[in-house]
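Student: Please pick one part of this model and take me through it closely. I want the geometry, the burial and the neighbours.

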Amino acid sequence: MGLNEKPLSTLHEKASYDLADFAVPTGREEAWRFTPLSRLKGLHNGKAEVTGQALTQVTTPAGVTAEWVGRGDPRIGQAYVPADRVSAQAYSAFEKALVVTVPKEATPDEPIRVEVRGGGLDGATYGHVVVKVGPLAEAVVIIEHQGSAVYADNVEFVVGDGATLKVVSLQDWEDDAVHVSHHHAQLAKDATFRSFVATLGGDLVRLAPSVSYTAPGGDADLSGLYFVDAGQHLEHRLLVDHSQPNCKSNVDYRGALQGERAHAVWIGDVIIRVEAEGTDTYELNRNLILTDGARADSVPNLEILTGEVAGAGHASASGRLDDEHIFYLQARGIPYDQARRLVIKGFLGQLIEKIQVDEIRERVLGAVEAELAR
Amino acid sequence: MSTLEIRDLKVAVEDKEILRGVNLTVKSGQTHAIMGPNGSGKSTLAYAIAGHPKYTITGGEVLLDGVDLLELSVDERARAGLFLAMQYPVEVPGVSVSNFLRSAVTAIQGEAPKLRQFAKDLKSGMDSLAIDAAFAQRNLNEGFSGGEKKRHEILQLELLKPKIAVLDETDSGLDVDALRVVSEGINRFRATGETGVLLITHYTRILRYVKPDFVHVFAGGRIVEEGGAELADKLESEGYEQYTKASA
């Protein structure tokens with residue numbers, strides 16, 4: 001049961017492999033109204049030349065295979081159907097797809113690393129990645145984005161029965177990069193999915209993580225952190241589609257914004273379909289606005305079509321640093337700047353603690369500290 | 001030997017005058033109790049001295065050993081030797097108690113404490129206030145009970161060793177056992193004789209454990225009566241009514 005087989009929610013009406021099924025967005029559509037289309041460098045209207053220089057490299061631990069395959073490979077598009085114009089553009093334009101396979105019951109002791117390095121802004125690059133995790137296997141995937149690029153891609157995570165996949169996706173681009181990406185996870189029976197997204201760099205990043213379930217017992221946790229500086233547009237659009245009974249999902253995205261025209265967008269959508277009884281879900285977004293001129297748009301949606309849920313909630317809060325927090329720390333002698341850093345680090349740190357890969361946790365913490373020192 | 005001098009202090013909140021000329025001098029080795037009915041301006045005095053942004057100073061001076069505290073930022077006042085134990089300590093998510101305390105001690109002492117010494121001081125401080133060792137790893141005040149928050153305030157008092165401590169209704173919300181533990185902490189702190197205490201309270205109960213040298217009655221934004229410890233006994237039996245009527 002893929003996303004294309006049922007009428008979708010009011011926010012996600014369409015899914016198709018065919019670019020022609022999607023009109024060029026004008027910016028008035030619900031799905032595009034927050035995104036500055038003029039900064040997409042043609043990713044949305046077919047005008048981007050496919051001459052980009054972004055290079056993807058993969059490193060796999062023993063027992064895990066990685067292959068570059070043509071678009072005819074049956075494993076491509078198995079879990080995910082493009083749900084918007086840029087996603088369909090990427091789907092129709094990538095040259096080779098990367099397919100990573102973790103065999104049944106395998107437990108590689110090192111992470112799988114996918115590194116995307118941009119080589120410049122001349123022309124766009126399109127990518128497609130499939131990560132298949134066999135039944136009862138356990139794996140960690142680290143996806144890193146660096147350099148300058150105009151890049152659009154789709155990533156499919158196919159998590160087998162009883163398997164566990166943990167993904168860290170780091171958007172550590174140069175300040176001029178443009179990146180539009182879909183990360184879709186399809187969870188089989190009793191599968192566990194942990195996603196941590198950290199978006200720090202880029203002129204415009206629009207990342208849409210989504211989850212679907214093919215059987216009961218799936219458990220998805222989606223965490224995200226972003227630090228938006230002057231002029232940056234960092235957008236995250238979450239979709240969790242509960243179509244199976246007794247599955248869980250938890251979404252926790254937090255961001256800090258500072259500087260003129262720093263813009264964060266967070267759209268959360270959880271659908272609980274009629275058949276998804278016993279669903280337990282929560283979604284949360286919090287934004288800390290550190291200066292004037294920064295703006296956060298946060299829209300949590302919850303579409304419940306059954307009365308039999310175990311739990312369903314959402315929350316969104318955007319605000320400034322709490323004067324009382326700063327006062328308390330200053331009243332103990334801690335200077336203002338340090339008090340501010342402590343409070344912001346505390347706000348984001350609770351999320352960072354959830355990153356289960358030590359090396360990445362330290363890097364994200366270091367990156368946040370560097371942002372705070374600006 | 002330190003002296004906190006409050007001279008004709010006038011304070012407003014959103015254009016409403018709350019303190020109408022407060023005069024008070026606290027010296028090392030002395031404990032002053034400020035008592036008064038709710039809304040008399042006791043807490044305003046505490047927060048105005050500490051520099052809370054909500055309060056506007058409209059007149060007067062606050063000097064600590066001759067230095068005008070009102071010219072200093074909140075953290076500079078703390079580093080000058082002032083401490084405010086808060087009535088409602090805020091919860092700060094994601095900042096651990098141990099990180100907070102180490103940052104505070106470093107700021108006050110001007111250099112990072114030796115790790116081993118700090119750990120030792122922290123442990124003995126927590127032990128004597130019956131604070132569980134696991135507290136150090138918890139987020140600051142998050143999920144603390146009322147009593148735990150107050151004991152944690154006194155732990156900070158003992159670790160930071162200020163010249164002058166202002167304790168804002170530290171006794172409120174405490175049961176008798178917690179009150180005894182907290183009072184013992186305050187008494188340890190003042191036992192050196194090198195520190196002054198300004199203890200703000202609504203009730204006389206804590207004064208049975210922490211004996212004041214002076215008692216000041218606050219009403220209508222100023223001190224309306226002063227005396228020794230015996231004044232607290234009078235308030236215990238007669239209440240604040242006579243003062244609230246007089247100031248109204």
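Tutor: Start at Ala130(B). This residue has a positive phi of about 55° and comes just after α4(B). The model is predicted, so local features need pLDDT of at least 70, side-chain atom pairs need 80 or more, and totals for chains, interfaces and linings use all residues. Residues count from 1 along each chain as written, chains are lettered from A and ligands numbered from 1 in written order, and side-chain values use heavy atoms, without hydrogens or water.

Now the helix itself. α4(B) covers residues 115-128 of chain B; helices are DSSP runs of H or I, at least four residues, numbered from the N terminus. How far apart are its end C-alpha atoms? They are 20 Å apart. That agrees with the expected span, because 14 residues at 1.5 Å a residue should also give 20 Å (the rule is 1.5 Å times one less than the number of residues).

Next, burial. Phe118(B), Leu122(B), Gly125(B) and Met126(B) are the buried residues to note in α4(B) (buried is under 20% relative accessible area, exposed over 50%, partly exposed in between, with a 1.4 Å probe and protein chains only). They span an arc of only 95° around the axis, so they sit on the same side of α4(B); the arc is taken from the directions from the helix axis to the C-beta atoms.

Turn to the face of α4(B) pointing away from that buried side. Arg116(B), Lys120(B) and Lys123(B) are there, and they are exposed.

What covers the buried residues of α4(B)? The cover includes α3 (97-109) and α5 (146-160), both of chain B (contact means heavy atoms within 4.5 Å).

Key. Helices (H or I, at least four residues) and strands (E, at least two) are DSSP runs, numbered from the N terminus.
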